[in-house]
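Visitor: I am new to this structure and would like a close look at a single part of it. Could you pick one helix and walk me along it, step by step?

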Amino acid sequence: MNFEQSVSRIAEQLKPLGDAGRHVAESYALDAEIRRTADDQQLKLKVLAQRRKESSATLRQMQKELGRADVSAGALRECMVNMQRETVKPGLPLAERRAYVELTQHFTTMLVQHHSDLTGGVADVIDKVLNGSGAKALAPRGSGGRRRRG
């Protein structure tokens, strides 16, 4: 609905008041437009506040996960150092040396996977912070699903 058309229709109904009717119509229409704009702004502010709340909660959760991840990554690294130390000991039976080498390789793979999983989680958090939790639902559907940025 056009602002001028609204004013004209209202002013038509207030015609018995003369020129004052036109001014009352304009004043009322402006007031209504200001209220509508304020309502829109309040809604936008509520949406932004909710997104901030979701983002903050997600970041707090990620901080907890990073703390746990750091502890488990540290344990993996400590195991790797222990195994490497044992691998080079003189007089170690070949079968035991192989076990240490294989376990070191296994723990290295686990640490790399651990880091990869952690990086994927960080990417999801950044996506939520920048785009809000509804961004994935609004994203255009591709032919192959979600692509990882790397």
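Guide: Happy to! One term will help us choose: pLDDT is the predictor's confidence in each residue, on a scale from 0 to 100. We need it because this is a predicted model. Among the elements of the chain, helix α2, residues 19-87, has the highest mean pLDDT, at 83, so helix α2 is our part for today. At the other end of the ranking, helix α4 (residues 135-138) has the lowest mean, 46. For the chain as a whole the mean is 77, and 77% of the residues reach 70 or more. One stretch to treat with care is residues 143-150, where the pLDDT is below 50; beyond near neighbours in sequence, that stretch has six contacts in the model. Where pLDDT is low, the predicted coordinates should not be read in detail.

Now to the helix itself. Helix α2 has 69 residues. From its first C-alpha to its last it reaches 99 Å, close to the 102 Å expected at 1.5 Å a residue. Several of its residues are buried, among them G21, A25, A29, S55, T58, M62, A69 and A73. Further along, L76, M80, M83 and T87 are buried too.

Let us begin with A25, which is found in helix α2. What is the relative accessible area of A25? The value is 0%, so A25 counts as buried. Which residues does A25 contact, leaving aside its neighbours within four places in sequence? They are V7, I10, A11 and L14. Of these contacts, take A11: it is 14 residues away from A25 in sequence, yet the two C-alpha atoms are 5.2 Å apart in space.

Moving along the helix, we come to some charged side chains. Side chains of opposite charge can pair when their charged atoms come close. R36 and D40 do this in a salt bridge, with N and O 2.7 Å apart. Why are these two placed to meet? They are four residues apart in helix α2, and therefore separated by about one helical turn. An α-helix has 3.6 residues a turn, so residues three or four places apart point the same way. Both partners are partly exposed: R36 has a relative accessible area of 42%, and D40 has 34%. The pair also belongs to something wider, as E33, R36 and D40 are linked in a network of salt bridges.

The model's count comes to six salt bridges. Another of them joins E86 to K89, whose closest N and O atoms are 2.9 Å apart. E86 is partly exposed at 22% relative accessible area, and K89 is partly exposed at 38%. A further salt bridge pairs K15 with E12, at 3.6 Å between the closest N and O atoms. Here K15 is exposed, at 54%, while E12 is partly exposed, at 44%.

Our last stop is T87, which lies in helix α2. Is T87 buried or exposed? With a relative accessible area of 14%, T87 is buried, because the cut-off for buried is under 20%. The side chain of T87 reaches back to the backbone oxygen of M83, at 2.7 Å. Not counting residues up to four places away in sequence, T87 also touches L92, R97, Y100 and V101.

Key:
Residues numbered from 1 in each chain as written. Predicted model: local features only at pLDDT ≥ 70, side-chain atom pairs only at ≥ 80, totals over all residues. Heavy atoms only, no water. Helix = DSSP H or I, 4+ residues; strand = E, 2+ residues; numbered from the N terminus. Contact = heavy atoms within 4.5 Å. Expected span 1.5 Å × (residues − 1). Buried < 20%, exposed > 50% of the residue type's maximum accessible area, 1.4 Å probe, protein only. Salt bridge = Lys/Arg side-chain N within 4 Å of Asp/Glu carboxyl O. Polar contact = N/O pair within 3.5 Å; in protein donor to acceptor, adjacent residues only side chain to side chain.
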